[in-house]
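This report deals with secondary structure, surface exposure and side-chain contacts. The structure comes first.

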Amino acid sequence: MPVPAHPRSHRPAVSLRPAVSHRPAADRVEIRLPWWAVALPAVAFAALLLMIMSPGQAQAATADPALGQLIERTLHLLAP
């Protein structure tokens, strides 16, 4: 390819091929996760799924409903 003698006399070459950018393999990002980054969410999901699937062992609280009584008394005091 000849080098132009003057910078203004340079005309860009017309190419019939479309411009394709070739990226070297070094530009690719490789993501590597540690084993626990995959295992812990899977174990947590399995535990939550197991709790949802077996609610038969859940029991209602038998303690005094203190919060409910507090809200009831507060509403009674605020009512005109």
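The text below goes from the whole chain to its helices and then to individual residues.

The model is predicted. The protein chain contains 2 helices and 0 strands. Of its 80 residues, 0% count as buried. The exposed area of the protein chain is about 8900 Å², and 66% of that area is supplied by carbon and sulfur atoms.

Helix 2 covers residues 66–78. Its span from the first C-alpha to the last is 18 Å, close to the 18 Å expected at 1.5 Å a residue. Helix 2 lies largely in the open, because the number of buried residues among its 13 is 0.

Values for the chain and for helix 2 are set out here.

| Element | Residues | Buried |
|---|---|---|
| Protein chain | 80 residues | 0% of residues |
| Helix 2 | 13 residues | 0 residues |

Side-chain contacts come next. Side chains of opposite charge can pair when their charged atoms come close. In the whole structure, the search finds 1 salt bridge. Arg32 and Glu30 form a salt bridge in which the closest N and O atoms are 4.0 Å apart. Both Arg32 and Glu30 are exposed.

A nonpolar patch also appears on the surface. Val29, Ile31, Leu33 and Val38 make up this patch, with an area of about 480 Å². One of these residues, Val29, is in the segment before helix 1, which runs over 35–53. Val29 has a relative accessible area of 74%, and therefore counts as exposed, the cut-off being over 50%.

Note on methods. Residues numbered from 1 in each chain as written. Predicted model: local features only at pLDDT ≥ 70, side-chain atom pairs only at ≥ 80, totals over all residues. Heavy atoms only, no water. Salt bridge = Lys/Arg side-chain N within 4 Å of Asp/Glu carboxyl O. Buried < 20%, exposed > 50% of the residue type's maximum accessible area, 1.4 Å probe, protein only. Patch = residues over 30% accessible without salt bridge, like charges linked within 9 Å, V, L, I, M, F, W, Y side chains within 5 Å. Areas by Shrake-Rupley, 256 points an atom, 1.4 Å probe, with all protein chains shown as cover. Helix = DSSP H or I, 4+ residues; strand = E, 2+ residues; numbered from the N terminus. Expected span 1.5 Å × (residues − 1).
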